[in-house]
Amino acid sequence: MKRLLVLAAAAATLFSAFSASAQTFPGSKPISFVVPFAAGGPTDRVARDLAEAMRKSMGGSANFVVENVNGAGGTIGANKVAKASPDGHTLLLHHIGMAAAPGLYRKLQYKPLEDFEFLGMINEVPMTLIGKPQLEANTYRDLENYIRVNAGKLNIAHAGLGSASHLCGLMWQSAINAKEAMTTIPFGGTAPAMNALVGGQVDMMCDQTTNTTGQIEAGRVKAYAVTTSKPLKNNKVLKDLPTLQEMGLKGFDLTIWHGLYAPKGTPPAVLAQINDALKKALKDPDFIKKQEGLGAVVVTDKRVEPAAHKAFVTAEINKLKPVIEAGGKFAD
Ligand code: MLT
């Protein structure tokens, strides 16, 4: 009986501590957005714009910091959050890599569907196929000829195995049946990869419009096509770029999506507060304007809700895993 009373007292203290922390969230401790890619890249850009919008939607009561933890196609940063304290102060902002990792990494140190709380989706971003300024190809048809003549001599940059740029490069190369695979060159994110492309150290890359629009507009890279099923007519910079489908790659359709995650076990009251702030931020005209200016579409459907977000990621994992396994190339 005495032991039971002690246990009950301990449970009560623990519960009150938890609900106290939930009631006082966010408190003075900043909320960290862990971005699993290098600073300055497309995912970092979404995180910084969203942090600003959520700071506003939480009435200035929360400070946000962006922490770039890159490597291994985004799995190092994701693992850090999977293992973080479930108090709502360490969140993961990640993209389609969340769904690609289970297929590519057979020894993945976390389980996307079990080790995280889903907080809602953020945006969807088309990708663009681009080349270094010196590449002797100005249109997609030129590029096809160039690849035929220079088979095996070209290289393509990406942000690590399982990253969006890696997935896109893989899908494009298998769609064009490149006689000889291109050498793939990994970076910690597409920000450093873009610097190497603009500088002519690498030949090609497939990257998110949020990172390429500015470079294309400035003429610092050559642009060949977009990966969406429809041309991006609303984007003044990308409107004249053909789709890969229009170039003959039947059914080619790739759009990158970003979502927000917390460690498993984060108190439901804290999750509700963050999801509420996220949904308000997604309606913020400044945030929407910034995203749309870079070709991204802010999510407005039921996937802003945790359950629908998780259902979507589950479907993406089930879609990508067989494709990756069929490819037979694994990261470990
Ligand atoms: C980045 O932010 O660097 C990208 O999202 C990386 C990628 O997945 O291609």
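Here are three short exercises with worked solutions on this predicted model.

**Exercise 1.** How are the ring pairs F33–F64 and W257–F312 classed: stacked, tilted or edge-to-face?

*Solution.* Start with the overall tally, which is five aromatic pairs. For F33 and F64, the ring centres are 5.2 Å apart and the planes meet at 55°, so this pair is tilted. Next, place the two residues: F33 belongs to strand β1 (residues 31–35) and F64 to strand β2 (residues 64–68), so their contact ties together parts 31 residues apart in sequence. F33 and F64 are both buried. Now turn to W257 and F312, whose centres lie 5.3 Å apart with planes at 80°; since planes over 60 degrees apart count as edge-to-face, that is the class of this pair. W257 sits in strand β9 (residues 255–263) and F312 in helix α11 (residues 306–327), so the pair links parts 55 residues apart in sequence. Both of these residues are buried as well.

**Exercise 2.** Find the charged end that sits over the ring of F312, and list the members of the aromatic cluster.

*Solution.* The charged end belongs to R303, and it lies 4.9 Å from the centre of the F312 ring. The cluster is made up of Y110, F116, F118 and Y261.

**Exercise 3.** Compare the span of helix α2 with the expected value, then look at what is buried and what follows.

*Solution.* Helix α2 (residues 42–57) has 16 residues, and at 1.5 Å a residue 22 Å is expected. From first C-alpha to last, α2 reaches 22 Å, close to that expectation. Its buried residues include V46, L50 and M54. After α2 comes G59, with a positive phi near 65°.

Definitions and conventions. Residues are numbered from 1 along each chain as its sequence is written. This is a predicted model: local features need pLDDT of at least 70, side-chain atom pairs count only at pLDDT 80 or more; totals for chains, interfaces and linings use all residues. Side-chain values use heavy atoms; hydrogens and water are left out. Helices (H or I, at least four residues) and strands (E, at least two) are DSSP runs, numbered from the N terminus. The expected span of a helix is 1.5 Å times one less than its number of residues. Buried means under 20% relative accessible area, exposed over 50%, partly exposed in between (1.4 Å probe, protein chains only). Rings of Phe, Tyr and Trp (its six-membered ring) pair if their centres lie within 6.5 Å; planes under 30 degrees apart count as stacked, over 60 as edge-to-face and the rest as tilted. A charge sits over a ring if NZ of Lys or CZ of Arg is within 6 Å of the ring centre and within 35 degrees of the ring normal.
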